[in-house]
Amino acid sequence: MSDNKLIYLDNNATSAIDEKVLEAMMPFFKENYANPSSMYSFGATAQKAVVEARGIMKDFFNAKSEKEIYFTGCGSEGANTAIKGVLGADKTKKHIITTKVEHPCVLNPYKYYESKGYNVDYIGVNSNGELDLDELKEKVSSNTALVSCMYANNETGVIFPVEKVVDIVKSKNPDTKVFVDAVQAAGKIDIDVQKINADLVSVSGHKFHAPKGIGALYAKAGTLFTPLIIGGHQERGKRAGTENVPYIVGIAKAAQLAKDSLNYELTEVKRLRDKLERGLLKSVFNTRLNSGVANRVPNTTNIGFEYIEGELILLHFSDIGICASSGSACTSGSLEPSHVLRAMGVPFTSLHGSVRFSLSRFTTEDEIDYVLEKVPAIIEKLVKISPYQEELEELRAHK
């Protein structure tokens, strides 16, 4: 890596722990290390911290009660708890619905249930990545047990109209449960479960500057779901295992900081994202914005570099300290093009050469300037060794 630079623009994969979060966590690694379920007074401090953190997360979700908040180990656990929990609580209905562009932590459980005889519908998106609400309306029936829909897409940042999704589902079948994966929305836009009105909503701490290994699940009062982890009494019998007190304190502190930083996200982070986006589209001739005009979270852009392999781009980026991604971190080991971009109908010319840049509140102007300075030369170098010279020359002539 030249100049020892590190320009981290992959915050949708994970984010740096905020120093204030780490500071809040440290006492519970050291002097306040007791098990919060202990009867002796030493455990009272830890128990109080868990209770206070649950209250903070209640406010973060705008839930009605702390009893609607459950701590999990991650976003994948939250999704699996919601999906398997709902289907485990009611085994009479065998129809479930999700979208074609969900994260693997939702798509793979759905594929599992499909293999077990469930009828699964996958709702499509348009070329901007926006959900087909008419198709959703068509598919909901009296036999639909669960609908799962992400709040914001991890690859494109496109925001789904989750309030409308819930309205459509509940108007067709009030008994159908709706789960919203809000992992990529948390910390970037406001999450208000009173407005969303979904039955279950999950978040993951490491996407908004808490550590990896902690998440939270909102479950509306009265929502029946079976536990994913069975054992002790923790989390009111819905998630066994000794409470991870330092990390619970961490996600609560991160949630407070995220709530306080929302305006900054929606103004300054968005400004830097737009500067990066405009600069690349203007200075690099073989680019396209994959999300088009869709409404997105303020930190994410997905740029297609036509007729170039994305992995090759990322390797050259890494050589000069730029960290970005070609899609979901959970599928980065796959040679297959992004299922999200395929569902959007992104043309072959860009499908393999698309790069996701995702900023955070710690991203600086200097970092964006560095990317805009260095990337055009990298792409021009890769253009020269591309096997699609004729197509690139034609593209250049028309730009």
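Modeller: Let's start with a rule: a charge sits over a ring if NZ of Lys or CZ of Arg is within 6 Å of the ring centre and within 35 degrees of the ring normal. Keep in mind that this is a predicted model.

Colleague: Fine. So which residue lies over the face of Y370, and at what distance from the ring centre?

Modeller: That's K5, at 4.9 Å from the ring centre of Y370. Set against the 6 Å limit, the distance passes. A second case is K238, over the face of F225 at 4.7 Å from the ring centre.

Colleague: F225 has a ring partner too, I think. What makes the pair of Y70 and F225 count as it does?

Modeller: Two values go into it. A pair of aromatic rings is described by the distance of the centres and the angle of the planes. For Y70 and F225 the centres are 5.4 Å apart and the planes stand at 90°, so the pair is edge-to-face. The cut-offs here are 6.5 Å for the centres and over 60 degrees for edge-to-face.

Colleague: And where do Y70 and F225 sit in the chain?

Modeller: Y70 is in strand 2 (residues 69-72), while F225 is in the loop between strand 8 (215-219) and helix 8 (245-283). They are 155 residues apart, and the pair links distant parts of the chain.

Colleague: Are the two rings buried or exposed, and how do you know?

Modeller: Buried means under 20% relative accessible area. Y70 comes out at 10%, so it counts as buried. F225 is at 3%, so it counts as buried as well.

Colleague: How many aromatic pairs does the structure hold?

Modeller: There are 10 aromatic pairs. Elsewhere, F60, F61, F208 and Y218 form one aromatic cluster.

Colleague: Let's move to a polar residue. Why does Q184 count as buried?

Modeller: Its relative accessibility is 5%, and the cut-off is under 20%, so Q184 counts as buried. Q184 belongs to the loop between strand 6 (177-181) and helix 7 (193-196).

Colleague: What does the side chain of Q184 reach, and with which side chain does Q184 make a polar contact?

Modeller: The side chain of Q184 reaches the backbone oxygen of N12 at 2.8 Å. With the side chain of K188, Q184 makes a polar contact at 2.7 Å. The distance limit is 3.5 Å, so both values fall within it. Leaving out residues up to four places away in sequence, Q184 touches N12, A152, N153, N154, K207 and V297.

Colleague: On to the sheets. What makes strand 2 and strand 4 edge strands?

Modeller: The open sheet has 7 strands in the order 2-8-7-6-5-3-4, with mixed pairing. Strand 2 and strand 4 (119-123) each have a single partner strand, so one side of each is left without a neighbour in the sheet. On average, neighbouring strands here are turned by 20° against each other, direction ignored. Helix 2 (residues 44-61) packs on this sheet, touching strand 2, strand 7 and strand 8, and its direction makes about 110° with that of strand 2.

Colleague: How do you know that strand 7 pairs with strand 8?

Modeller: Pairing takes at least two bridges, and strand 7 and strand 8 share 5 in the antiparallel sense, so they pair. One of the bridge partners is G215 in strand 8, for S204. V201 stands opposite Y218 in strand 8. Strand 6 and strand 7 run parallel and are joined by 3 bridges, with V180 opposite V201.

Colleague: Why is strand 7 called mostly covered?

Modeller: Of the 5 residues in strand 7 (200-204), 5 are buried. In a regular strand the side chains alternate between the two faces of the sheet. In strand 7, L200, S202 and S204 are buried on one side, with V201 and V203 buried on the other.

Colleague: What is the strand order in the sheet of 3 strands?

Modeller: That open sheet runs 9-10-12 with antiparallel pairing. Strand 9 (287-289) and strand 12 (354-358) are the edge strands, as each pairs on one side only. Strand 10 (residues 300-305) and strand 12 pair over 5 bridges, and the bridge partner of T300 in strand 12 is S358. Helix 8 lies across strand 9, strand 10 and strand 12, at about 10° to strand 10.

Key
Residues are numbered from 1 along each chain as its sequence is written. This is a predicted model: local features need pLDDT of at least 70, side-chain atom pairs count only at pLDDT 80 or more; totals for chains, interfaces and linings use all residues. Side-chain values use heavy atoms; hydrogens and water are left out. Rings of Phe, Tyr and Trp (its six-membered ring) pair if their centres lie within 6.5 Å; planes under 30 degrees apart count as stacked, over 60 as edge-to-face and the rest as tilted. Helices (H or I, at least four residues) and strands (E, at least two) are DSSP runs, numbered from the N terminus. Buried means under 20% relative accessible area, exposed over 50%, partly exposed in between (1.4 Å probe, protein chains only). A polar contact is a pair of N or O atoms within 3.5 Å; within protein, one must be able to donate a hydrogen and the other to accept it, and residues adjacent in sequence count only if both atoms are side-chain atoms. Contact means heavy atoms within 4.5 Å. Axes are lines fitted to C-alpha atoms, for helices over the stretch in contact, and angles run from 0 to 180 degrees between N-to-C directions.
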